Amino acid sequence: MANTQEIKKDEIKVVITDIDGTLYSHTQKRVPESAVKAFKALQEKGIKIFLCSGRNRYLIGKSGVLNYVKPDGLITMNGANVILDDQIIYSYPIPGEVVDALIKFSKRLRFGLTLIEQNEGHINYIDERVISAHEKYGTRFPQPRSFPDHYDRVIYQAICFCDELDESLFLPHIKGAKSARWDEFAVDIMPSDSDKSKGVLALLTHLNLTPENALAIGDGNNDIEVLQFCGIGIAMGNANQSVKDAADFVTDDIDSDGWANAMKKVGLID
């Protein structure tokens, strides 16, 4: 990861931003006005901005963030899909054997499992942990479905609604998978060789840019790799310590104009 003092602001051509807890405030239930203005100011200067989220395209739309900002593209499902000009330019699904293993452990340990496809998602079991996690983020759980032992649909993201103890019981037994926890009762599961940074790399390659041309900002554990990958990595003030440790610097809390202040500190806007 590069030191911000060594990077000229003129080198930054794109901003990669997480949504929940970074750009979209669940306290205010909107993108803060300061961030809306900063977002537009960056784009007016020719800097492209891409939303980079654990959500798929449909859920990004349902989040409400697009009511306030108009990104130049989307990196969805923790880097598994990259969408530019309404076209998918990169796709990396979860291997079928990993999906089947998650279904098996979900049934054995009795936790909810959401499997997300290109434009839809389904959950096999709803309990208080599922309800709690969705209520915190203002999202609805997907349509319930009973999963067969072998799932023959293409899956790009999986969410296990369990605590760290249950995670420790199944994750070591699933070859080729890793996790990124975003709630006490919710953890994303992805291929061990994939994360948000993989999607960002695909995007930058398509744009003929390098990681040094990108600034990333986020607050969750699934943002750590992309903060380390990009030329500048910024953690929100409301991020947990592991995210802050991975960043070049820490900005203010989302509800204290953290997103806009980060862009000002780097010198991308006045």
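Where is the place of Arg181? Arg181 sits in strand 10, and it makes a good starting point for a walk through this predicted model.

## Arg181 and its surroundings

Is Arg181 buried or exposed? With a relative accessible area of 12%, under the 20% cut-off, Arg181 is buried. The side chain of Arg181 reaches two backbone oxygens: that of Asp183 at 3.0 Å, and that of Glu184, also at 3.0 Å. Leaving aside neighbours within four places in sequence, Arg181 is in contact with Cys162, Asp163, Glu164, Glu167, Ala186, Val187 and Asn221.

## Asp188 and Asn222

From strand 10 we move on to strand 11, which is the place of Asp188. Asp188 has 2% relative accessibility and therefore counts as buried. The side chains of Asp188 and Trp182 are joined by a polar contact of 2.8 Å. Cys160 is 28 residues away from Asp188 along the chain, yet the C-alpha atoms of the two are separated by 6.5 Å. Not counting residues up to four places away in sequence, Asp188 touches Asn78, Gln157, Ala158, Ile159, Lys178, Ser179, Ala180, Trp182 and Asn222.

The last name on that list is worth a visit too. Asn222 lies in the loop between strand 12 (214-218) and helix 7 (224-229). Although it is in a loop, Asn222 counts as buried, at 12% relative accessibility. With which side chain does the side chain of Asn222 make a polar contact? The partner is the side chain of Asn78, at 2.8 Å. Beyond residues up to four places away in sequence, Asn222 touches Gly54, Asn78, Ala180, Asp188 and Lys196.

Lys196 leads us to helix 6, which covers residues 196-206. In this helix Lys196 is buried, together with Ser197, Gly199, Val200, Ala202, Leu203 and Leu204. After helix 6 comes Asn208, with a positive phi near 60 degrees.

## The nonpolar cores

In soluble globular proteins, nonpolar side chains tend to be buried together. Here, the largest nonpolar core has 33 residues, and Leu215 and Trp259 are those with the most contacts inside it. Which elements each supply at least two residues of this core? They are helix 1 (33-44), strand 2 (48-52), strand 12, strand 13 (232-235) and helix 9 (258-266).

Trp259 shows how many parts of the chain can meet around one residue. Not counting residues up to four places away in sequence, Trp259 touches Val15, Thr17, Thr22, Leu23, Ala35, Ala38, Phe39, Leu42, Ile49, Ile217 and Met236. Apart from the largest core lies another, of 23 residues, with Val14, Phe50, Val200 and Leu227 among them. Val200 is also one of the buried residues of helix 6.

## Pocket and cavities

Now for the empty space. The largest pocket holds about 1100 Å³ and is lined by 47 residues. Which of them lie nearest its centre? Those are Asp20, Arg55, Tyr137, Thr139 and Trp182. Trp182 is familiar already, as the polar contact partner of Asp188. Helix 2 (57-63), strand 6 (112-116), helix 4 (128-137), strand 9 (157-161) and strand 10 (177-183) are the elements that give two or more residues to this lining. By class, the pocket lining divides into 12 nonpolar, 20 polar and 15 charged residues.

The structure also holds two cavities of 30 Å³ or more. The table puts them side by side.

| Cavity | Volume | Lining by class |
|---|---|---|
| Largest cavity | about 50 Å³ | seven nonpolar, three polar and one charged residues |
| Second largest cavity | about 30 Å³ | six nonpolar, three polar and one charged residues |

The largest cavity is lined by Met77, Asn78, Ala80, Tyr92, Tyr156, Gln157, Asp188, Ile189, Met190, Pro191 and Ser194. Strand 11 (residues 186-191) gives the most to this lining, with four residues. Asp188 and Asn78 both appear here, and both also touch Asn222.

The second largest cavity is lined by Thr22, Pro32, Ser34, Ala35, Met236, Ile254, Asp257, Gly258, Trp259 and Ala260. Helix 1 and helix 9 each supply at least two residues of that lining, and the largest share, three residues, comes from helix 9. Trp259, one of the residues with the most contacts inside the largest core, thus lines this cavity as well.

Notes
Residues numbered from 1 in each chain as written. Predicted model: local features only at pLDDT ≥ 70, side-chain atom pairs only at ≥ 80, totals over all residues. Heavy atoms only, no water. Buried < 20%, exposed > 50% of the residue type's maximum accessible area, 1.4 Å probe, protein only. Polar contact = N/O pair within 3.5 Å; in protein donor to acceptor, adjacent residues only side chain to side chain. Contact = heavy atoms within 4.5 Å. Core = buried A, V, L, I, M, F, W, Y, C linked by side-chain atoms within 4.5 Å. 1 Å grid on protein atoms, 1.4 Å probe; cavity = no way out; pocket = protein on both sides within 12 Å on 5 of 7 lines; lining within 4 Å. Points joined across faces, edges and corners; volume = space filled by probe spheres on them. Nonpolar A, V, L, I, M, F, W, Y, C, P; charged D, E, K, R; others polar.
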